[in-house]
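Trainee: I've just opened this one and could use a guided tour. Can we go through it together, one question at a time?

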Amino acid sequence: MKTILTYDLRIQQSLILLFLATILAAIITKQEFLGVIIIVEFFLIAIAQYSLNIIKTFSKKYVKTDSRKVYVFISTYVVIGFLILILSSLFKFEDTEQNLKNIFELMVMSWIFLSPILIIQSLMISFFDAKNSLNEQP
């Protein structure tokens with residue numbers, strides 16, 4: 001665990017660079033399978049960033065900054081909303097007035113806007129941790 005937290009900034013930067021390189025490759029080559037890889041890489045970034053920030057939030061070794069608290073709050077909204085969306089798609093609910101569908105569409109739209117903000121915010125938090133030597137030494 002110490003090693004992962006020590007290199008969390010490098011892990012995030014590597015995943016984001018890989019993600020951007022895959023997007024560029026998809027644009028240049030126009031290969032459809034790269035779309036699936038982009039989605040998988042996006043979720044890898046999300047899982048890595050969310051997990052690292054949750055661990056840091058509950059660790060006594062890291063400063064509880066407002067930025068970290070906001071990140072955890074907003075990203076938890078996205079994670080819980082995503083899990084609810086998956087569960088609702090597994091169980092067919094009768095939604096004759098389309099209210100539930102409208103709520104989920106609004107949630108998905110908010111995720112589209114929040115995702116890049118959360119990615120950048122997580123990187124900023126990790127830069128702060130690295131700059132201020134807040135992370136654990138190996």
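**Buried charges and paired rings**

Mentor: Let's start inside: Arg68 and Asp129 are both buried. Keep in mind that this is a predicted model.

Trainee: Okay, so how do the side chains of Arg68 and Asp129 meet, and at what distance, N to O?

Mentor: Side chains of opposite charge can pair when their charged atoms come close. For a salt bridge, the nitrogen has to be within 4 Å of the carboxyl oxygen. Arg68 and Asp129 fit that, meeting in a salt bridge with an N to O distance of 2.9 Å.

Trainee: How many residues apart in sequence are the parts that this pair ties together?

Mentor: Look at which helix holds each partner. Arg68 lies in helix α4 and Asp129 in helix α5, so the salt bridge ties together parts of the chain whose separation in sequence is 61 residues.

Trainee: And how many salt bridges does a search of the whole structure find?

Mentor: Besides the one we just saw, Lys56 and Asp129 meet through their side chains in a salt bridge, 2.9 Å from N to O. Lys56 is in helix α3 and Asp129 in helix α5, so that pair joins parts 73 residues apart in sequence. Asp8 also forms a salt bridge with Lys56. Searching the whole structure gives a total of 3.

Trainee: How far apart are the closest N and O atoms of Asp8 and Lys56?

Mentor: This salt bridge links distant parts of the chain, with Asp8 in helix α2 and Lys56 in helix α3, 48 residues apart. Between their closest N and O atoms, the distance is 2.4 Å.

Trainee: Which residues are linked in a network of salt bridges?

Mentor: Follow the partners along. Asp8 pairs with Lys56, Lys56 with Asp129, and Asp129 with Arg68. The linked residues are Asp8, Lys56, Arg68 and Asp129.

Trainee: Is Lys56 buried or exposed?

Mentor: The cut-off for buried is under 20% relative accessible area. Its partner Asp8 has 2%, so Asp8 passes, and Asp129 passes too, at 1%. Lys56 comes in at 0%, so Lys56 is buried.

Trainee: Leaving aside neighbours within four places in sequence, what is Ser126 in contact with?

Mentor: Ser126 lies in helix α5, residues 99-131, and counts as buried at 1% relative accessibility. With those sequence neighbours set aside, its contacts are Asp8, Leu9, Gln12 and Lys56.

Trainee: What does the side chain of Thr65 reach?

Mentor: Thr65 sits in the loop between α3 and α4. With a relative accessible area of 19%, Thr65 is buried, because the cut-off is under 20%. At 3.1 Å, its side chain reaches the backbone nitrogen of Arg68.

Trainee: Helix α3 keeps coming up. Over what distance should its 26 residues span?

Mentor: Helix α3 covers residues 33-58, and the estimate uses 1.5 Å a residue. The end C-alpha atoms agree with that estimate, so both the expected span and the distance in the model are 38 Å.

Trainee: Which regions does the UniProt annotation "transmembrane region" cover?

Mentor: The annotation comes from an unreviewed UniProt entry. One of its spans, residues 12-28, is 100% helix, with its end C-alpha atoms 24 Å apart. Another, residues 70-91, is 95% helix and 0% strand, with 32 Å between its end C-alpha atoms. The full list from the record is 12-28, 34-58, 70-91 and 103-128.

Trainee: Now the rings. The structure holds how many aromatic pairs?

Mentor: The total is 4.

Trainee: What kind of aromatic pair do Phe19 and Phe42 form?

Mentor: A pair of aromatic rings is described by the distance of the centres and the angle of the planes. Phe19 and Phe42 are 6.2 Å apart, centre to centre, with 45 degrees between the planes. The pair counts as tilted.

Trainee: And what kind do Phe42 and Phe43 form?

Mentor: Phe42 is partly exposed at 27% relative accessible area, and Phe43 is partly exposed as well, at 34%. Their centres are 5.8 Å apart and their planes are at 80 degrees. Planes over 60 degrees apart put this pair in the class called edge-to-face.

Trainee: Last one: which residues form one aromatic cluster?

Mentor: Phe19 is in helix α2 and Phe42 in helix α3, so their pair ties together parts 23 residues apart in sequence. The cluster consists of Phe19, Phe42, Phe43, Phe82 and Trp111.

Terms used. Residues are numbered from 1 along each chain as its sequence is written. This is a predicted model: local features need pLDDT of at least 70, side-chain atom pairs count only at pLDDT 80 or more; totals for chains, interfaces and linings use all residues. Side-chain values use heavy atoms; hydrogens and water are left out. UniProt positions are given in the numbering used here, feature names are shortened, and annotations may be inferred rather than shown by experiment. Helices (H or I, at least four residues) and strands (E, at least two) are DSSP runs, numbered from the N terminus. The expected span of a helix is 1.5 Å times one less than its number of residues. Rings of Phe, Tyr and Trp (its six-membered ring) pair if their centres lie within 6.5 Å; planes under 30 degrees apart count as stacked, over 60 as edge-to-face and the rest as tilted. Buried means under 20% relative accessible area, exposed over 50%, partly exposed in between (1.4 Å probe, protein chains only). A polar contact is a pair of N or O atoms within 3.5 Å; within protein, one must be able to donate a hydrogen and the other to accept it, and residues adjacent in sequence count only if both atoms are side-chain atoms. Contact means heavy atoms within 4.5 Å.
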